[in-house]
Amino acid sequence: VKFLPLLFSNLGRRKVRTALTIGSFAVAIFLFCLLFAIRAGFQQGVEAAGVDRLLVINKFSFIQPLPVAHRDRILQVPGVQEATYASWFGGIYQDPKNMFPQFAIDHRTYRDLFPEFLVPEAEWQAFLEDKMGAVAGEGIARRFGWKLGDRIPLKDSPYGSYFEFNLRAIYKGARPHDDLTQFWFRWDYLDEKGPPEMKGRVGWYTARVKPGASMTEVARDIDARFANSAFETRTMSEQAWMASWLEQMGNIELLMLVIGSVVLFTLLLVTGNTMAMSVRERTSELAVLKTIGFGDRAVLVLVLAEGAMIAAVGGGAGILLAKLFTLGGDPTGGFFPSFRLPGAAVGAAAGIALAVGLLAGLVPAWTAMRLHVVQALRRL
Amino acid sequence: MAIPLIYNLESVRARWRTTVVAVLGIAGTVGVFVAMLALATGFEATLVASGDPENGIVRRKGASSELDSAVTLNQLRALEDASEVARDGKGPLISPEVVVIASLPLRKTGSDASVQVRGVHPRALEVHRGVRVVEGRFLRAGLHEMVVGRNAAGAYSGAELGSEVKLGGTSWSVVGVMDAGGSAFDSELWCDANLLGSAFERPAGVHQSVVLRLATPDGLSALKARMDGDPRLQCQVERETEYYAKASRMMTGFILSLGSIVAVVMGLGAVFAALNTMYSAVAERTREIATLRALGFGGGSVIVSFVLESLLVSLAGGLLGCLAVLPLNGLTTSTLNFQTFSHLSFAFQVTPLLLGLGLSFALFMGLAGGLPPAIRAARLPVTAALRDL
């Protein structure tokens, strides 16, 4: 600890270089965290999917509807505990750019199937009592400045050119990666107001499997129940459904990650090189230190500590910046349901920063430790 | 008086290790920058190529894509009678189309992907002039036949010429492969509109969109005016090229916004690296600079010389980065277009413009990284620096 002033004056020796090295460290770590956040954004759907939930869609295509009467028959399938349904609405709020998922939900059962969305009881009751009621995620409510009681118009949906809803509840997520951008309203209201050919039709069912029952068997039994009917179904786990979309994105995600990793590697190489360079330049000074009685180990620790210091400050700044950046919200304007910095990323970033800081210092530190004083001084 | 360039070349060579690191940093940044732009450009070009500037596309008012659109039979009849629509001996050049999404297994992974299926009428090829049948023949109306896009035939298993595709509970035989010039149609399956509509339980006579050839290139505004005046025609018309440009906007916006954030952050890192390299170059060469000054080279010449050196390094990095991404050009990849919920194949496009942008970005980084150290070099007090000898 008593060498701290020495450490600082070493760092202060070339202020510009120290600042630049810390800066590039911060940039590299920031980029690393950013890539992690992007990855988490892609993975959100799969991570948030319920492990005990099955999704039932029309066998021909997910855009084809299913009859609302399927619910009772799905409930009869052994192993199914509860089932709910929803329809995709696809209206426009003010401007086509303001896209967010809008679902007409079965208000009696939806909350039971999706316990991760937390709604205050009083607000939920208000939603149940108002046929034109709606529930919005915290994120979307903040984005458009909605408050409880607001009247929200949605136009130009396939169901009709103009619909109005009263915001009765705002939901929060139980987990940090839950999608807070959804907008729900009552399916029975849509059924009443929508065109006749869409009556009695729902977009998809979500069924919860009883504890202990096999997901694959229940899925197979549901599909078998509707085989050869006018509305055949395709049932899969919610996770598989989300993963299939992610897989279709596939190339883009992979590309961004590969590119990012290459860049990160380059940045760290550059930073490490600079740090090693600055130690190499001071060989003679280290020799002086050894002449005046510093032990081998003390010199080693001193040089390593310098690298660790730069790494800590630079890495810390990078993580902090990344945190601030992700708190600022989705930079792509609504593409990711949630954009956040996962805790694992922070840990990994800190680990990488420290490792590079130490590694970059290790080679010159080792040389410094093994330094032959007489020879080094002669170089003066 | 200018300091000879050979001096800079020699000094770059003398410090080859730090130079290589700086060059790599800039090459990486420029490479990623150009690759991102090439991705977005390729995606957009694929969709835009699907449109024909002389065609209009009619959809339901407010529909976000063809998928959630509907054009009724009455509207179709009114469009067929409209004088703004081009016609030949066989009648109006108009193609009403049914669009659905089906899932087919991808050849590469075996997992299902969403494929756009388009139900068309016999005149479709006359309206979509960019689409040609390159293998087999076009489908016949009233039969369960299918023509597949070039990319779709390659991407999905069981979608090649001569095979049977299960769709909407019926089986369709693939009778032809079409080439749509690298556009979105290359990722589609085409079949008979009426049969597709009934297989997917669509009300008879309702189509998702109507593509029509305009009688005159500027007939679009006249058609818009007619729609505003005719209560039967409660729908919207756009130029086909504009519709497809819009359909690419969400994805390209996404790629570009993420890409530019990454590029800016990386650029910052590369500038830091360049600054460090040049500052240490200046520090190492204090006495050389002082000697140059003593020989009579002015401060301006020193600045020019050092900035040139930095630009040289960054240009090398930029060229390396551009070279590295050049093989991407034409490489076909695919992703999901969120605006149409369907899988789309497209090729990277590394255009000269993008390479130019990449090189400019490199030079900009070189300038930002070289100027401050160059100014410091010029400000070195000659006598003090020489005394260090």
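**Chat notes on chains A and B**

User: Starting with R59(B): buried or exposed?
Analyst: R59(B) is buried, at a relative accessible area of 4%. Buried means under 20% relative accessible area, exposed over 50% and partly exposed in between, using a 1.4 Å probe and protein chains only. This is a predicted model, where local features need pLDDT of at least 70, side-chain atom pairs count only at pLDDT 80 or more, and totals for chains, interfaces and linings use all residues; side-chain values use heavy atoms, with hydrogens and water left out. Residues are numbered from 1 along each chain as its sequence is written, while chains are lettered from A and ligands numbered from 1 in the order in which they are written.

User: Which strand is R59(B) in, and what does R59(B) touch?
Analyst: R59(B) is in strand β1 of chain B, residues 55-60. Strands (E, at least two residues) and helices (H or I, at least four) are DSSP runs numbered from the N terminus. Leaving out residues up to four places away in sequence, the contacts of R59(B) include S64(B), E66(B), Q208(B), C235(B) and Y243(B). Contact here means heavy atoms within 4.5 Å.

User: Which side chain makes a polar contact with R59(B)?
Analyst: The side chain of E238(B) does, at 2.7 Å. A polar contact is a pair of N or O atoms within 3.5 Å; within protein, one must be able to donate a hydrogen and the other to accept it, and residues adjacent in sequence count only if both atoms are side-chain atoms.

User: Switching topic. How many residues of each chain are in contact?
Analyst: 59 residues of chain B contact 49 residues of chain A. The area buried between the two chains is about 4,700 Å², and carbon and sulfur atoms give 72% of that. Buried area is the accessible area (1.4 Å probe) that two parts lose on being put together, summed over both.

User: What about salt bridges between chain B and chain A?
Analyst: The count is one, and the pair is R234(A) with D112(B), at 3.6 Å from N to O. A salt bridge is a side-chain nitrogen of Lys or Arg within 4 Å of a carboxyl oxygen of Asp or Glu. The rule also finds six residue pairs in polar contact across this interface, both residues at pLDDT 80 or more.

User: Which elements of chain B supply residues to the side that touches chain A?
Analyst: α2, β4, β5, α8, β13 and β14 of chain B each supply at least two residues. α8(B) gives the most, with 20 residues. That side of chain B divides into 34 nonpolar, 17 polar and eight charged residues.

User: What box do the C-alpha atoms of chain B fill?
Analyst: Roughly 95 × 50 × 30 Å, along the principal axes. Of the 389 residues of chain B, 57% count as buried.

User: Back to salt bridges. How many over all chains?
Analyst: The structure holds 37 over all chains. One of them joins R150(B) and D186(B), at 3.0 Å from N to O. R150(B) is in helix α5 and D186(B) in the loop between β9 and β10, so the pair ties together parts of chain B 36 residues apart in sequence.

User: D186(B): buried or exposed?
Analyst: D186(B) counts as buried at 0% relative accessibility, while R150(B) is partly exposed at 38%.

Note on methods
Ala, Val, Leu, Ile, Met, Phe, Trp, Tyr, Cys and Pro count as nonpolar, Asp, Glu, Lys and Arg as charged, and the others, Gly among them, as polar.
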